[in-house]
Amino acid sequence: LNPGVRHDWFSLIRKHGVSPGLGISFSPSGIGTFSLNGGLFYQFPIHMGYIDITDLTSSLELQRNWQAVLSFEKALSKYISSGIETYFKYYDREGLYSINRQIQRRSISYSTINYGKKRVFGVELYLQKKKQDFFYYEGSWTSYSSKNRYRDGTWYYSDDCVRHALSIVLGSNFHKNHGVSLR
């Protein structure tokens with residue numbers, strides 16, 4: 001059982017974010033490691049680039065999401081492991097989107113009273129060779145669905161909804177404290 005807490009300070013909007021979390025892991029005899037984690041996480045509002053924050057700086061709240069992660073990891077050898085991770089995140093302090101159907105344009109607004117909502121579902125598969133050796137690598141495939149609830153109450157796919165992503169990292173440690181990698 002792993003309790004945890006993270007603290008962030010965001011000087012631009014003068015806010016503290018205290019994020020509690022709780023996780024549990026168990027390893028049935030040699031099968032692998034199963035983990036379940038969850039928590040409440042605060043982060044800097046990511047849509048601030050779209051809005052004029054001059055009047056909102058002191059009243060803008062941190063973005064907040066509730067998340068749960070279920071994962072399984074299997075050691076294939078001393079240095080190589082593979083796993084799968086699924087997650088769900090629910091944001092309840094998102095920018096509030098709306099669509100003007102007459103000009104087919106989307107707009108976003110932040111209100112200190114009425115926030116939008118967002119939900120994200122995802123899965124990731126990975127294979128990695130750990131960095132203890134001279135040569136290491138990691139490959140992963142990720143797929144997730146991200147939707148925002150607009151002012152009209154309908155859920156639409158988000159701008160940052162990446163359906164599939166393939167990531168490959170190759171690297172080498174050539175000195176105790178030095179290395180190079182390519183992503």
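Reader: Which residue in β8 does Tyr91 stand opposite?
Author: Good place to start! This is a predicted model, where local features need pLDDT of at least 70 and side-chain atom pairs count only at pLDDT 80 or more, while totals for chains, interfaces and linings use all residues. Residues are numbered from 1 along each chain as its sequence is written, and side-chain values use heavy atoms, leaving out hydrogens and water. Look along β8, a strand (a DSSP run of E, at least two residues, numbered from the N terminus): the residue opposite Tyr91 is Lys118.

Reader: How many bridges join β8 to β9?
Author: Strand β8 (residues 116-129) pairs with β5 (residues 80-94) in the antiparallel sense over 13 bridges; to pair, two strands need at least two bridges in DSSP. Strand β9 (residues 135-149) also runs antiparallel to β8, and Gln128 stands opposite Glu138 in β9. The number of bridges joining β8 to β9 is 13.

Reader: Is Phe134 buried or exposed?
Author: Find Phe134 in the loop between β8 and β9. Buried means under 20% relative accessible area, exposed over 50%, and partly exposed in between (1.4 Å probe, protein chains only). Phe134 has 53% relative accessibility, so the residue counts as exposed.

Reader: Which backbone nitrogen does the side chain of Ser19 reach?
Author: Ser19 lies in strand β2 (residues 15-26) and, at 1% relative accessibility, counts as buried. Not counting residues up to four places away in sequence, Ser19 touches Gly4, Val5, Arg6, Leu40, Phe41 and Tyr42, with contact meaning heavy atoms within 4.5 Å. At 3.0 Å, the side chain of Ser19 reaches the backbone nitrogen of Tyr42.

Methods:
Helix = DSSP H or I, 4+ residues; strand = E, 2+ residues; numbered from the N terminus. Polar contact = N/O pair within 3.5 Å; in protein donor to acceptor, adjacent residues only side chain to side chain.
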